[in-house]
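I am opening a fresh notebook page for a structure that is new to both of us. Come along while I look things up one by one.

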Amino acid sequence: MKCIALAVAVLLAVCHVGFTYPTNDKVSYQGYKVFNLNIENENQRNFLIDFIENNNAGDFNSMDILVDPKTQMYFQNATMARGFRLKEIISNLQSLIDEEKPYEGDDSEEFNWTRYYELEDIYKFLDDILAKYPKVTEPFTIAQSYEGRTVRGIKISLKEGNPGIYIESNIHAREWITSATATWFINELLTSTDPEVRNLVENYDWYIVPVLNVDGFTYSHNKDRLWRKTRQPVAHSTCIGTDGNRNFDSYWMVNGASSNPCASDYAGPQANSEPEIKGESEFLSANKDKFNILLAFHCYSQMLLSPYGHTLELPPNNDDLEKVADAYAKAVINMPYKTEYTYGTSAGAMYYAPGSTIDFAYNEADIKITYTIEMRDTGLHGFVLPPTHILPNCKETMAGIVALVKEAENLGYMKPKYL
């Protein structure tokens with residue numbers, strides 16, 4: 001698996017969101033299309049930067065863009081006149097959202113991975129796990145959100161002295177596959193008889209936060225399926241929320257993030273302005289001697305992104321980061337699904353992302369094996385991944401993480417840091 005640079009920028013920008021049509025108090029994306037554009041010159045890039053105000057202005061050569069029905073004719077004509085290679089990949093986004101209709105069965109049924117769950121169901125799952133495995137699990141709290149929700153995590157540890165692995169999930173509200181995968185991973189660590197999985201749970205401590213952006217996640221279920229940011233109001237703006245993955249105090253706002261509160265990548269009024277991000281930063285800093293690996297679950301694009309996000313400069317251990325990522329990619333493509341992952345630094349393989357989780361972990365918390373894992377798919381469904389993909393994504397993620405940890409161990413990164 002070859003490391004690639006300047007691959008694909010997954011910039012699902014909502015053009016003219018004011019034209020959404022409320023249905024049952026929810027935002028509707030009826031008639032919205034998603035196009036993929038290949039960007040071949042500066043004129044094309046500049047046109048798109050002008051067209052999409054909520055745009056990461058890093059270097060990119062491909063973009064997925066969501067366009068409302070009233071703008072589509074202009075958009076298609078304008079891009080055609082400028083020589084874009086334009087491909088329609090989703091003809092009606094609402095039809096995909098409708099496939100995720102809320103479950104109407106018996107809520108007493110056992111938690112499973114054939115559908116997506118809301119926050120209260122995920123927290124009930126955590127409570128059940130804690131009650132069932134009290135000797136090897138314990139809860140921890142990251143923060144209280146702006147709207148007063150608790151950001152919860154679970155620690156799984158079978159013995160003292162293990163090196164630790166931290167998993168963050170759903171920092172971006174709309175990326176539901178991430179929390180689905182995190183909950184499956186928790187269950188699998190505690191129930192699997194597979195020797196590779198048993199090795200993971202017996203020899204490493206796991207700290208897993210299924211939903212970091214609890215307010216945004218709730219809003220994405222109840223109001224707007226494509227909501228990304230937190231839900232804290234912004235002073236002197238009618239726009240709500242901050243991109244949590246640009247809000248960490250590590251090269252905050254040096255480039256590639258927006259100062260516009262209405263932008264999807266708005267970095268916040270200052271670093272750590274969001275209580276969820278401040279809480280996670282403090283937790284990672286306070287426990288940095290326990291963590292050897294940090295993984296941030298995201299979607300979509302099927303990539304492993306390593307530091308740095310704030311610069312194209314390569315980190316000192318970049319060769320090792322590539323070897324570990326390569327092990328993940330090879331393990332996943334060898335699964336029956338044949339899902340292909342690529343990898344590279346965040347700034348080099350995707351776009352600039354200063355103030356991100358992985359940059360904070362690497363630069364400030366001394367966690368030298370850290371990745372953003374961008375899960376399925378590559379744009380066919382995008383953020384609205386059908387529930388039928390949940391279990392395949394979970395299984396290939398487990399295979400990848402088994403290989404990732406093994407390679408990190410081989411390279412000497414898994415020695416306990418606090419003994």
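My entries below go through a helix pair, some charged side chains, a few backbone details and one strand residue.

**Before starting**

I note first that this is a predicted model, and I keep that in mind on every page.

**Entry 1: two helices side by side**

I began with two packed helices. Such a pair is described by the angle between the axes and the distance between them. I looked up helix H9, residues 318-333, and helix H12, residues 390-410, and found an angle of about 145 degrees with the axes 8 Å apart. I also checked the hand of the crossing of H9 and H12, and it is right-handed.

Next I asked which residues make the contact. On H9 I listed Lys323, Val324, Ala327, Tyr328, Ala331 and Val332. On H12 I listed Glu396, Thr397, Ala399, Gly400, Ile401, Ala403, Leu404, Glu407 and Ala408. Sorting the residues of this contact between H9 and H12 by kind, I got ten nonpolar, two polar and three charged.

**Entry 2: salt bridges**

How many salt bridges does the structure hold? I found 13, and I looked into several of them.

I started with arginine 152 and aspartate 127, whose side chains meet at 2.8 Å, N to O. Arginine 152 belongs to strand S6 (residues 150-156) and aspartate 127 to helix H4 (residues 119-132), so this pair ties together parts that are 25 residues apart in sequence. Are the two partners buried or exposed? Arginine 152 has 15% relative accessibility, which is under the 20% limit, so I wrote it down as buried. Aspartate 127 has a relative accessible area of 39%, so I put it down as partly exposed.

I then turned to glutamate 202 and arginine 198, a salt bridge of 3.7 Å, N to O. Both residues lie in helix H6 (residues 195-203), four residues apart, or about one turn of the helix. Glutamate 202 counts as partly exposed at 35% relative accessibility. Arginine 198 is partly exposed too, with a relative accessible area of 21%.

My next pair was arginine 246 and aspartate 243, whose side chains meet in a salt bridge of 3.6 Å, N to O. Here I found arginine 246 buried, at 2% relative accessibility. Aspartate 243 is buried as well, at 0%.

I also came across a network: Glu147, Arg149 and Asp215 are linked by salt bridges.

**Entry 3: a buried charge without a salt bridge**

Glutamate 276 caught my eye in helix H8, residues 275-286. It is buried yet has no salt bridge. Where is the nearest side chain of opposite charge? I found that it belongs to arginine 149, 7.8 Å away. A salt bridge needs nitrogen and oxygen within 4 Å, so that distance does not qualify.

I listed what glutamate 276 touches, leaving out residues up to four places away in sequence: Ile142, Ala143, Ser145, Tyr146, Val151, Leu212, Asp215 and Thr230.

**Entry 4: backbone details**

I looked up two cis peptide bonds. One joins proline 307 and tyrosine 308, with omega about 10 degrees. Tyrosine 308 lies in the loop between strand S10 (303-306) and H9. Another cis bond joins arginine 376 and aspartate 377, with omega about -10 degrees. I placed aspartate 377 in the loop between strand S12 (369-375) and H12.

Then I looked at phi. Methionine 253 is not a glycine, yet its phi is positive, near 65 degrees. I found methionine 253 in the loop between helix H7 (214-222) and H8, and it counts as partly exposed at 27% relative accessibility.

Glutamine 302 also has a positive phi, near 60 degrees. Its place is the loop between strand S9 (291-299) and S10. Glutamine 302 is buried, with a relative accessible area of 11%.

**Entry 5: one strand residue**

I closed with isoleucine 165 in strand S7, residues 164-169. It is buried, with a relative accessible area of 0%. Which residues does isoleucine 165 contact, leaving aside neighbours within four places in sequence? I wrote down Tyr204, Asp205, Trp206, Tyr207, Ile293, Val405 and Met414. For aspartate 205 I also noted a C-alpha separation of 6.2 Å from isoleucine 165, although the two are 40 residues apart along the chain.

How values were computed
Residues numbered from 1 in each chain as written. Predicted model: local features only at pLDDT ≥ 70, side-chain atom pairs only at ≥ 80, totals over all residues. Heavy atoms only, no water. Axes fitted to C-alpha atoms, helices over the stretch in contact; angles between N-to-C directions. Helix = DSSP H or I, 4+ residues; strand = E, 2+ residues; numbered from the N terminus. Left-handed = near helix turned anticlockwise from the far one by under 90°. Contact = heavy atoms within 4.5 Å. Nonpolar A, V, L, I, M, F, W, Y, C, P; charged D, E, K, R; others polar. Buried < 20%, exposed > 50% of the residue type's maximum accessible area, 1.4 Å probe, protein only. Lys, Arg positive; Asp, Glu negative; His and termini not counted.
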